[in-house]
Amino acid sequence: MAGRGGLLMLENFIGGKFLPCSSYLDSYDPSTGEVYCHVPNSGKEEVEAAVEAARAAFPGWSSRSPQERSQVLQRLADLLEQSLEELAQAESKDQGKTITLARTMDIPRAVHNFRFFASSILHHTSECTQMDHLGCLHYTVRAPVGIAALISPWNLPLYLLTWKIAPAIAAGNTVIAKPSELTSVTAWMMCRLLEKAGVPPGVVNIVFGTGPRVGEALVSHPEVPLISFTGSQPTAERITQLSAPYCKKLSLELGGKNPAIIFEDANLAECIPTTVRSSFANQGEICLCTSRIFVQRSIYSEFLKRFVEAARMWKVGIPSDPSADMGALISKAHLEKVRSYIKKARMEGAQILCGEGVDKLNLPPRNQAGYFMLPTVITDVKDESCCMKEEIFGPVTCVVPFDSEEEVIQRANNVKYGLAATVWSGNVGRVHRVAKKLQSGLVWTNCWLIRELNLPFGGMKSSGVGREGAKDSYEFFTEVKTITVKH
Ligand SMILES: NC(=O)C1=CN([C@@H]2O[C@H](COP(=O)(O)OP(=O)(O)OC[C@H]3O[C@@H](n4cnc5c(N)ncnc54)[C@H](O)[C@@H]3O)[C@@H](O)[C@H]2O)C=CC1
Ligand SMILES: N/C(=C\C=C\C(=O)O)C(=O)O
């Protein structure tokens, strides 16, 4: 929809209707730094309206059979798939990611999220046990929880939002979703498909705006018993505090400081391109991205030389360039934050081998004010450095040597996070041993980001609380009850 100055103007989606808001936020095109869209700056009033709509829709939607709900999800997946190109263009413009990634990863995965939960919802069974000596039979039943608050970040906008909406509505809940205020466009586009897919009014409501205003109104609303959040650890802390008085169900999927552990018997021909991708895909803005690379000393020099060569080949370009490997970072503030880590590393005596401050970006004149940065490799950095401890969430990775298996496990675990790790070795025994000892919710060995959506996804320590996946999401989005029958 065109709004002020011909810019795109989004509206909230509440009770099956697009509704304007009394105030709006500017949203920037990361590749130019120009405002191109206005996003509703919603607050308490919009949350109240959404809660009312979600409450009214709940009895009807929750009493439909899983098969009926599954069909609606399937139709929505088909409609999203028919709009794949349009959605990919929009996601790439809004987020700064390359059109190739949006086309091949973000939007296909959003489609798949609906297909996957449309199928998995049909296959859950409940438990039953017997106590014959007491003449008792026990069984469990599950029911949807109610109104779910779904809060998602800006790095994988539609991908992560649908990863929450699909299991929540498949299980019979109604939802109020709040996408990141920095990347709201594809969520708004999806709303245009809901009615056609057969999603009844009020089942999916989307309120746009900032965390402190609309996010807090949502998570502290007494009639919203469940919150699924993906984002930063400080925000998760705030959500936990606000929801504590109501003992809400929480699923928190947070950041990482993910290690790659590369042993001397690794297949470097596979390891190097995959580790470049795991470090720099989506501008390094994926919670699963590698940011500490531990390399066994005997292959350290060779690895470093080849890795830096490969990082230099990782092409930064405008998001619409199909040959670009990396686009623009999400915002000016985020670019400055990421750059500040390079400055700190330099001050600590680390070496920057390529990228920021070393190589030159080559961009068209129109994109000079965009939020671009080159893939950057840091070395000679201590484990205690902030670059080795804190989540940078940008195209920056540190490479350090190690000597023994025991040592590297200890060093890899020596951060507050525990989300994802990669282990590279040709020794199958070592791969299992190391994977088992890593404090990490996910370990990929000799690969990265191969997702099996059936299995638990989530982090340990400060990387989060709870898991998502077929069974885990079903359990989270339902309440279980144990019933005992004496016969
Ligand atoms: N999955 C992950 O691991 C992600 C991690 N991050 C990390 O977080 C850093 C900051 O990024 P942000 O966008 O500021 O993340 P954030 O955690 O502030 O934002 C994530 C979502 O939470 C909402 N939100 C923010 N404050 C809230 C509040 N008080 N109550 C309810 N909702 C709230 C935001 O509007 C957004 O929808 C990044 O630099 C990165 O390090 C960011 C995005 C995803
Ligand atoms: N949660 C994030 C990524 C998830 C990926 C997946 O489920 O495949 C993130 O980057 O925040």
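The following paragraphs lead from the overall form of the chain to two groups of its strands. The structure is a predicted model.

The chain contains 15 helices and 23 strands. Its radius of gyration is 23 Å, close to the 23 Å that the globule rule gives for 487 residues, so the chain is as compact as a globular protein of that length. Along the principal axes, the C-alpha atoms fill a box of roughly 70 × 70 × 40 Å.

The next step is to ask how the residues are distributed between interior and surface. Of the 487 residues in the chain, 58% are buried, a residue being counted as buried when its relative accessible area is under 20%. The area that the chain exposes is about 19600 Å², and carbon and sulfur atoms supply 54% of this area. Contacts along the sequence add to the picture: among those between residues at least 6 apart, 74% join residues at least 24 apart. As for charge, the chain carries 51 positive and 50 negative charges, and the mean positions of the two sets are 1 Å apart.

Attention may now turn to the strands. Strands of a sheet pair through backbone hydrogen bonds, in either a parallel or an antiparallel manner. One open sheet consists of 3 strands in the order β1-β5-β4, and its pairing is mixed. Strands β1 (8–9) and β4 (24–29) stand at the edges with a single partner strand each, so one side of each has no neighbour in the sheet. Strand β4 runs antiparallel to β5 (residues 34–40), and 6 bridges join the two. One of the bridge partners can be located precisely: Leu-25 is matched with Val-39 in β5.

A second group centres on strand β19. Is this strand, at residues 420–424, enclosed or open to the outside? Here 5 of the 5 residues are buried, so β19 is largely enclosed by the rest of the structure. In a regular strand the side chains alternate between the two faces of the sheet. In β19, Ala-420, Thr-422 and Trp-424 lie on one side, while Ala-421 and Val-423 lie on the other; these residues are all buried, and both faces are thus covered.

The partners of β19 complete the description. Strand β13 (residues 258–262) pairs with β19 in the parallel sense over 3 bridges, and Ile-262 stands opposite Trp-424 of β19. Strand β20 (residues 442–445) also pairs with β19 in the parallel sense, over 4 bridges. Within this pairing, Ala-420 has Leu-442 of β20 as its bridge partner.

How values were computed. Residues are numbered from 1 along each chain as its sequence is written. Chains are lettered from A and ligands numbered from 1 in the order in which they are written. This is a predicted model: local features need pLDDT of at least 70, side-chain atom pairs count only at pLDDT 80 or more; totals for chains, interfaces and linings use all residues. Side-chain values use heavy atoms; hydrogens and water are left out. The radius of gyration is taken over C-alpha atoms; the globule rule is 2.2 Å times the number of residues to the power 0.38. Buried means under 20% relative accessible area, exposed over 50%, partly exposed in between (1.4 Å probe, protein chains only). Contact means heavy atoms within 4.5 Å. Accessible areas come from the Shrake-Rupley method with a 1.4 Å probe; for residues, only the protein chains shown count as cover. Lys and Arg count as positive and Asp and Glu as negative; His and the chain ends are not counted. The place of a charge is taken as NZ of Lys, CZ of Arg, CG of Asp or CD of Glu. Two strands pair if DSSP finds at least two bridges between them.
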